[in-house]
Amino acid sequence: MPAAAFAVAPGGVEFEAKITPVVIISCILAATGGLMFGYDIGVSGGVTSMPSFLREFFPAVYERIQSHEAEESNYCKYDNESLQLFTSSLYLAALTATFFASYTTRVLGRKHTMLIAGIFFIVGTVLNATAVSLLMLILGRISLGCGVGFANQAVPLFLSEIAPTRIRGALNILFQFDVTVGILSANLVNYGTSKIEGGWGWRVSLGLAGVPALLLTLGAILVDDTPNSLIERGHLEKGKSVLKKIRGTNNVELEYMEIVEASRIAQAVKHPFKSLLKRQNRPPFVIAVMLQIFQQFTGINAIMFYAPVLFSTLGFGSDASLYSSVITGAVNVLSTLVSIYSVDKLGRRVLLIEAGVQMFISQMIIAVVLGLKLDDNTNNMSRGMAIVVVLMVCTFVSSFAWSWGPLGWLIPSETFPLEARSAGQSVTVCVNMVFTFVIAQSFLSMLCHMKFGIFLFFSGWVFVMSVFVVFLVPETKGVPIEEMTERVWKRHWFWKRFMNDVYEKV
């Protein structure tokens, strides 16, 4: 039985909205884009720690690890630009694809953009699983990256626009939850395929990415586009029909008229990217960009990309390092459930600030333990200290998973006005991919040169971003998506100075 929810509009008027099965199923299907993204993040670290994979595509790294020289540098075993390029090429492709995705999201709709993403994912999976050369492997990663660019553009917008206001945060976080499930699934698959004799286990790991790729493609075919997107593209009756369907009521006139008005303003904007630079769009633009930069400089992707490699560096055996990455993946999933439960109860700011404290402390402890116990040439880390490192990594991952992970995507997707929403999401994804690429391409080299200091580097960024949240990130809990300007930005102590009542034509 659907539960009733009401979104409060200006003047005390309420939008009637039920939490219908159609909404839940549509969001689950759309969120599989996150499953694919997460699997891509998790699988790369696992296969790059498999000797058979390294022997075939990165022989220099394989020989270094097998030789006595590998034992002489605990921090530099895996420092190789080509190996980093295998991981980071996906994010460079996603960066390029997101600009095309902005156009398709606006012109073709959220639904068809997700379908394009699914097709790219399928092509990339086939290329990777059948790769016989490094070029073929990189081309596969590039195709997957294009899928990430299109999916990360469309899915958060789809979830934010289709969800009732009361549970918008929880449903939007389904995307990040699926990212964490994808990472855990990749870790489990890698652990299993590493046992396969004959040296082809990595092909199974890369090939199983086809499962979430097919789920996303199927989901994109089955779901309706959002009312906001349909109305923005001139399909008024279809938009109204879908709105009634997803809200579970015929009493949608007030919400429908609000979307129509937002669409009218959006259609007056001829250059959406230029509109992002308008003074009244500066607050959500600045926050969206900074959240993406800060999200990557927590250091989370450095850990999730290279968890098996990192634990191997810390002295864990091959099996133990994969097992430890499975543990962190499981913590990631369970902690994201905390965010789904609490984001619409406690709000966005509480989760971000609490997590900042937790991440800072855990990274400082990791840095101290590594500084005392793991030298460049010797490993004095006892089993107890190794467990401490794993526990602190889990503490760090858990706090990220209920804060900066999901909220880094949720807040930008719900704060831009409709006329700038597609362009704003495109910039959000673009900035995220730029800094994801930077971290992916540089982490192993940074670990080699900075050693334990890399965790001090990331903890310093965590402190800075926490201060940013305290002073500049407003609370958006329970605010209808088309009313952010009136109820959030015009009331914020700092951002209100950028607001005005006139929408210029751009």
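Is Phe-294 buried or exposed? At 4% relative accessibility, Phe-294 is buried. Keep in mind throughout this briefing that the model is predicted. The chain has 506 residues, of which 61% count as buried, and its secondary structure comes to 23 helices and two strands. Below you will find the overall picture, then three helix pairs, and then some individual residues worth a look on screen.

**The chain as a whole**

- Contacts that span a long stretch of sequence are well represented here: among those between residues at least 6 apart, 80% join residues at least 24 apart.
- If you are setting up cysteines, note that the structure holds zero disulfides.
- Two cysteines to look at are Cys-27, which is buried at 0% relative accessibility, and Cys-430, which is buried with a relative accessible area of 13%.

**Helix H7 with helix H20**

- Helix H7 covers residues 134-162 and helix H20 covers residues 404-415; their axes come within 9 Å and cross at roughly 70°.
- That angle makes H7 roughly perpendicular to H20, and the crossing of the two is right-handed.
- On the H7 side the contact uses Asn-152, Pro-156, Leu-157 and Ser-160, while H20 brings Trp-409, Leu-410, Ser-413 and Glu-414.
- Sorted by character, the residues of this contact between H7 and H20 are four nonpolar, three polar and one charged.

**Helix H2 with helix H7**

- H7 also packs with helix H2 (residues 32-47), at an angle of about 140° and with the axes 9 Å apart.
- H2 and H7 are therefore oblique to each other, and their crossing is left-handed.
- From H2, the residues in contact are Gly-33, Met-36, Phe-37, Asp-40, Val-43 and Ser-44; from H7, they are Arg-141, Leu-144, Val-148, Ala-151, Asn-152 and Val-155.
- The contact of H2 with H7 divides into seven nonpolar, three polar and two charged residues.
- Asn-152 is a handy residue to select, as it takes part in the contact with H2 and also in the contact with H20.

**Helix H21 with helix H22, and the loop that joins them**

- The axes of H21 and H22 come within 8 Å, crossing at roughly 125°.
- At that angle, H21 is oblique to H22.
- H21 contributes Ile-439, Phe-443, Met-446, Leu-447 and Met-450 to the contact, and H22 contributes Gly-453, Ile-454, Phe-457 and Phe-458.
- In this contact of H21 with H22, eight residues are nonpolar, one is polar and none is charged.
- Between helix H21 (418-450) and helix H22 (453-472) there is a loop, and Lys-451 is found in it.
- For anyone checking backbone torsions, Lys-451 has a positive phi of about 55°, although it is not a glycine.
- Lys-451 is partly exposed, with a relative accessible area of 26%.

**Surroundings of Phe-294**

- Phe-294, the residue of the opening question, lies in helix H15, which runs over residues 282-296.
- What does Phe-294 touch, not counting residues up to four places away in sequence? Its partners are Trp-404, Trp-461, Val-464, Met-465 and Phe-468.
- One of these partners, Val-464, is 170 residues from Phe-294 in sequence, yet the C-alpha atoms of the two are 8.7 Å apart in space.

**Two partly exposed residues**

- Met-385 has its place in helix H19 (residues 383-401), where it is partly exposed at a relative accessible area of 26%.
- Leaving aside neighbours within four places in sequence, Met-385 is in contact with Val-369 and Lys-373.
- Met-385 and Ile-366 are 19 residues apart in sequence, and their C-alpha atoms are 9.7 Å apart.
- Ala-268 is found in the loop between helix H13 (253-267) and helix H14 (272-275).
- With a relative accessible area of 24%, Ala-268 is partly exposed; 20% is the value under which a residue counts as buried.
- Ala-268 and Glu-419 are 151 residues apart along the chain, with 8.2 Å between their C-alpha atoms.

How values were computed:
Residues numbered from 1 in each chain as written. Predicted model: local features only at pLDDT ≥ 70, side-chain atom pairs only at ≥ 80, totals over all residues. Heavy atoms only, no water. Axes fitted to C-alpha atoms, helices over the stretch in contact; angles between N-to-C directions. Helix = DSSP H or I, 4+ residues; strand = E, 2+ residues; numbered from the N terminus. Parallel < 35°, antiparallel > 145°, perpendicular 65-115°, else oblique. Left-handed = near helix turned anticlockwise from the far one by under 90°. Contact = heavy atoms within 4.5 Å. Nonpolar A, V, L, I, M, F, W, Y, C, P; charged D, E, K, R; others polar. Disulfide = S-S within 2.5 Å. Buried < 20%, exposed > 50% of the residue type's maximum accessible area, 1.4 Å probe, protein only.
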